[in-house]
Structure formats: structure tokens, C-alpha cells
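User: I am new to this structure and would like a close look at a single part of it, set in its surroundings. Please go through that part slowly and in a connected way.

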Amino acid sequence: MPELSDLDRKILAQLQGDFPICERPYAEAAAQLGIEEAELLARLQALLADKVLTRFGPMFQIEEMGGAFVLAALAAPEARYDEVTALVNALPEVAHNYRREHELNMWFVLATETKEGIAEAIARIERDTGLPVYAFPKEREFFVEMKLEARR
Amino acid sequence: MIDDIDRALIVATQGGLPLVSRPYHAIAEQLGLSPEEVMRRLRAMLASGIVRRIGAVPNHYAIGWTANGMTVWDVADEQVDELGARIGALDFVTHCYRRPRALPAWPYNLFAMVHGASRQECSAKAAEIRTLLGDACRANDILYSTRILKKTGLRISR
């Protein structure tokens, strides 16, 4: 794991949202961090290359566009875990996928452009893997604020 | 809802913004739009919630949040909404949802994500939630993630 510098930590603390929409947004964001535009661009490039960041850009809410986000899970036999992972991840509708410690040991988020797309994606995964998929659509959202500062 | 131009903008930016001095101009050029229109539409999508935010999306593990626990709770139906709102308000909970149970395999109807530098930290946070739920909680569990298998975020196609 690459070491994070003080500047990296500052970038993580300040740039998880509110990135400006203007002609030179990196220059504006850099000014707020007290650095030059070129330095910010270089650090973002490095953080992406080192996989400290998975992405830098807009985060879209597909539900606001008429689509759906659904959490789903399945129980993959240990001997088939990598194969099942590859089959599930092959679907572009799978936005995230995590291994978790439980009998239901694979938890993924489906993001589809239409509400019907969810059932199709689930049917496809069940067919490809031969395993039942449990869907946990949200019935109510109490809070979502996925901004974590660096801890190291 | 979105039109074809918004859609093209989403396809062009869902993998990330270009790391160049004038990223919105670069996207405009790629799509054959004016930079003003690109910026105007992004502002509108931000205002309407289609864009939740613009910025860095970190890998939690890489920034030191090595313990990520999905806490799950079987809470009495008549109390789950009130209690869910209170749990969502805890400063260490990053997502909190009510979801359907899948009986008999899955009795839990309330999900709250907690993160920490250690499992001990996560379980201490789960204990706080347990206290808050009191008698309304019939069963609970915490599912730690042990590997990110995929994290690309939304991908729509052209």
C-alpha cells in the first residue's frame, strides 16, 4: 500500500465532493489546497494509479434517471468462488461487489437503467452461476454519506 | 428524466473526469457541444440529484478504513422507521437502509454500514447501535468485507 503524504490526506479530506464546475476546476481546487494546478493533477494521477482512488469525477444516482440500484447477495461455494466472481463481475450492471464473511458470501450492487433491468440481471446471474440470488431492494433510505477521511 | 445529450455526458464522464486543465472543455470537444452547455447541464444534474457529487472516490482500504462492517438487524416492523432514522443520524454510520427480509435465510430488515481502522472499532460501533435499538431488536449480525471484488460504480452503455 503506498504511503499517503500530508497533501494526499488533505486532497482526500477536501475533494470528495464540491469539485467546481468552471473553466479550470483543478486550478480552483488547487488554490483552495494551497498548491499549483499541475501538482494537484500529478497527485490525482498518482492516487488513481496506486488505486487509492477508484475514480475521480461525478457520482451518478441512477434512480434519479428512472433506473434502479439494488443490493443482492448469493452463497458461492468456496471451491467455485473465483469462477462465480468472474461470472457476476462480467455483467456491466454490477457496480460494486464485495466478499463478506457469512453464508451469503458475495454481496453486490446492481445498477440498471430501467426498473425491469434488475430482474433481468438477477435472472442472468442465476442462469450463469446456477445459484439463487437474494435481492434486497431498499424500501427506505435513512442516510447516505459516503465520505471517509484518510485514517493513515 | 434525462435526454440524449445528458446521456452522452454520463457515458463520457462515468469513468472519471479527464485530468487536464480544462476537463469540461475536453468533454465538450469530444461530444461536439459547447463547454458552456456541458457545465450548465452538469450543474443542472447536480441540482436535481442525478449527480450526487463530483470529486474523489477513495478505496476505503487504501485510506486506512480496513474494517468495513455491514451491520444487519431484525427490528420490529412498527418501530423500524423511527429507529432507522435515529441510527442513520449516528455520525459513524455511512449508509442506513430498510430492506425486505428473505425468510427463513435472512431475518434482517435494517442495514447500517460502519467503518473502522479495526474490527474492534466496528464492533464497538455495532454495540452502540444495539443499545439504541433496545428491545425492538430481535437478532443481529455484522458482515465484514474481506475483499473488494469490483468497484467501478455505475456504467451505462451508449
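Analyst: **From the domains to the sheet**

Taken over C-alpha atoms, the centres of domain 1 of chain A and domain 2 of chain A are separated by 34 Å. This is a predicted model, with an ipTM of 0.82 and a pTM of 0.81, and for chain B the mean pLDDT is 93, with 99% of the residues at 70 or more. In chain A the domain assignment places domain 1 at residues 6–49 and domain 2 at 62–136, while in chain B it gives domain 1 as 4–48 and domain 2 as 67–144. The C-alpha centres of the two domains of chain B lie 38 Å apart.

The part to look at closely is the sheet to which both chains contribute. This open sheet has 9 strands, which follow one another in the order β5(A)-β2(A)-β4(A)-β3(A)-β5(B)-β2(B)-β4(B)-β3(B)-β6(A), and their pairing is antiparallel. At its edges stand β5 (134–136) and β6 (140–144) of chain A, and because each has a single partner strand, one side of each is left without a neighbour in the sheet. On average, and ignoring direction, neighbouring strands are turned by 25 degrees against each other.

Starting from the edge formed by β5(A), the pairing of this strand with β2(A) is antiparallel and runs over 3 bridges, and here A:Ala73 has A:Tyr134 in β5(A) as its bridge partner. Further along, β2 (residues 68–74) of chain A is joined by 7 bridges to β4 (residues 106–112) of chain A, again in the antiparallel sense, with A:Leu71 standing opposite A:Val109 in β4(A). In a regular strand the side chains alternate between the two faces of the sheet.

At the other edge, β6(A) is joined by 4 bridges to β3 (residues 93–98) of chain B, and the two strands run antiparallel; within this pairing A:Val144 stands opposite B:His95. Helix α5 (residues 119–133) of chain B packs on the sheet, where it touches β2 (67–75), β4 (110–116) and β5 (137–151) of chain B, and the direction of this helix makes about 20 degrees with that of β2(B).

The contact between the chains can also be followed residue by residue, since 64 residues of chain A are in contact with 67 residues of chain B. Among the elements of chain A that give two or more residues to this side are β3 (94–100), β5 and β6, together with helices such as α1 (6–14) and α4 (81–89). The largest share, 8 residues, comes from β1(A).

Away from the sheet, a UniProt record (an unreviewed entry) places the feature "domain: Siroheme decarboxylase NirL-like HTH" at residues 8–53 of chain A. Over these residues the chain is 63% helix and 2% strand, with the end C-alpha atoms 11 Å apart. Helices α2 (residues 25–33) and α3 (residues 37–49) of chain A have axes that come within 8 Å and cross at roughly 95 degrees, and these two helices are therefore roughly perpendicular to each other. Where they meet, α2(A) contributes residues including A:Tyr26 and A:Leu33, and α3(A) contributes, among them, A:Leu40 and A:Leu41.

In chain B, the axes of α1 (residues 4–13) and α3 (residues 35–48) come within 11 Å and cross at roughly 90 degrees, so α1(B) and α3(B) are roughly perpendicular to each other. There B:Ile5, B:Asp6 and B:Leu9 in α1(B) meet B:Val38, B:Arg41 and B:Met45 in α3(B).

Notes. Residues numbered from 1 in each chain as written. Chains lettered and ligands numbered in written order. Predicted model: local features only at pLDDT ≥ 70, side-chain atom pairs only at ≥ 80, totals over all residues. Pairing = 2+ DSSP bridges. Axes fitted to C-alpha atoms, helices over the stretch in contact; angles between N-to-C directions. Contact = placed C-beta atoms within 7 Å. UniProt positions renumbered as here; feature names shortened; annotations may be inferred. pLDDT = per-residue confidence, 0-100. Domains from an automatic or database assignment. Parallel < 35°, antiparallel > 145°, perpendicular 65-115°, else oblique.
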